Amino acid sequence: MSIEIKREDIIQHGLMVLQLVGSHYICEVCIKSGNSCCKGCEFLKDGLGCQKRNTSCTAWLCGLQKFFLNQIELLDEWEDLWKQVPGQWFRWDTTPETIKIKSLLNLEQLDSKVGKMIAEEFELFVKEGGKLDKLERKLNLIFELRNSENIHSLNRR
């Protein structure tokens with residue numbers, strides 16, 4: 001069975017999931033430390049935020065968010081959901097107005113407490129001199145490489 005869903009509704013569902021788990025707390029720490037995954041995007045307006053959110057921006061996770069969603073055992077479900085959404089490109093998409101997916105993420109058991117806790121740990125890391133941008137890149141690489149299909153067969157041993 002599949003669900004027919006509008007492009008904007010899948011974006012709103014993703015944003016709601018991220019809000020409910022507390023991802024915004026992590027983003028706040030990252031932005032305060034001088035980082036932003038949206039830096040340089042033409043749709044980012046100073047003081048207003050994103051003016052044209054799309055499926056690729058909603059689906060994409062930085063290394064910090066991948067680490068967090070993995071900690072709360074939601075990363076695999078998140079990735080499975082967004083693999084079903086066609087037309088995602090870097091900072092834009094060609095996703096049709098209506099798509100079919102197998103299922104949405106269950107919102108019932110989501111809680112923002114862990115997101116706030118992880119954000120506090122990242123904040124402490126920064127206060128102690130840690131570089132959040134370096135940590136993000138390292139975590140991103142770890143999660144990219146965890147899937148063996150992302151590693152060239154000559155490098156697998």
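**Entry 1: Glu73**

I began at Glu73, which I found in the loop between α4 (63-71) and α5 (75-83). The model I am reading is a predicted one. I looked up the backbone of Glu73 and noted a positive phi of about 60 degrees, although this residue is not a glycine. I then asked whether Glu73 is buried or exposed. Its relative accessible area is 69%, so I entered Glu73 as exposed, the cut-off for that label being over 50%.

**Entry 2: the chain as a whole**

I next turned to the protein chain and counted seven helices and six strands. Read along the sequence, I recorded their order as β-α-α-β-β-α-α-α-β-β-β-α-α.

For the overall dimensions I took the C-alpha trace, which spans about 50 × 50 × 35 Å along its principal axes. I asked what radius of gyration the protein chain has against that of a compact globule. A compact globule of 157 residues would have a value near 15 Å, and the protein chain has 16 Å, so I noted agreement.

I also looked at the contacts with a separation of 6 or more in the protein chain, and 78% of them join residues 24 or more positions apart.

**Entry 3: surface and charge**

I looked up the accessible surface of the protein chain, which comes to about 10400 Å². Carbon and sulfur atoms hold 53% of that surface. Of the 157 residues, 32% are buried.

For charge, I recorded 22 positive and 23 negative side chains in the protein chain. The centres of these two sets lie 6 Å apart.

**Entry 4: strands β1 and β6**

I asked in which sense β1 and β6 pair. Strand β1 (residues 3-6) pairs with β6 in the antiparallel sense, and I noted four bridges between them. Within this pairing I located Ile3 opposite Ile101 in β6.

Ile101 appears again in my note on the faces of β6 (residues 98-101), where it shares the covered face with Ile99. On the uncovered face of β6 I found Thr98 and Lys100.

**Entry 5: helix α3**

I then moved to helix α3 (residues 55-59), where Ser56 has its place; Thr55 lies in α3 as well.

I looked up Thr55 and found a relative accessible area of 0%, so I entered Thr55 as buried. Which residues does Thr55 touch, not counting those up to four places away in sequence? I listed Arg7, Ile10, Ile11, Trp82, Val85, Gln88, Asp93 and Thr95.

Ser56 counts as buried because its relative accessibility is 8%, and the cut-off for that label is under 20%. Leaving aside neighbours within four places in sequence, I found Ser56 in contact with Gln88, Trp89, Arg91, Trp92 and Asp93. Gln88 and Asp93 thus stand in my notes for Thr55 and also for Ser56.

I checked one further pair, Ser56 and Ser112, which are 56 residues apart in sequence. From C-alpha to C-alpha, I noted 23 Å between Ser56 and Ser112 in space.

**Entry 6: His13**

My last entry concerns His13, which has its place in helix α1 (residues 7-21). I asked whether His13 is buried or exposed. With a relative accessibility of 9%, His13 counts as buried.

I then looked up the contacts of His13, leaving aside neighbours within four places in sequence. The residues I recorded are Leu81, Leu104, Leu105 and Leu107. Of these, I placed Leu81 by its number in α5 (75-83).

Methods. Residues are numbered from 1 along each chain as its sequence is written. This is a predicted model: local features need pLDDT of at least 70, side-chain atom pairs count only at pLDDT 80 or more; totals for chains, interfaces and linings use all residues. Side-chain values use heavy atoms; hydrogens and water are left out. Helices (H or I, at least four residues) and strands (E, at least two) are DSSP runs, numbered from the N terminus. Buried means under 20% relative accessible area, exposed over 50%, partly exposed in between (1.4 Å probe, protein chains only). Contact means heavy atoms within 4.5 Å. The radius of gyration is taken over C-alpha atoms; the globule rule is 2.2 Å times the number of residues to the power 0.38. Accessible areas come from the Shrake-Rupley method with a 1.4 Å probe; for residues, only the protein chains shown count as cover. Lys and Arg count as positive and Asp and Glu as negative; His and the chain ends are not counted. The place of a charge is taken as NZ of Lys, CZ of Arg, CG of Asp or CD of Glu. Two strands pair if DSSP finds at least two bridges between them.
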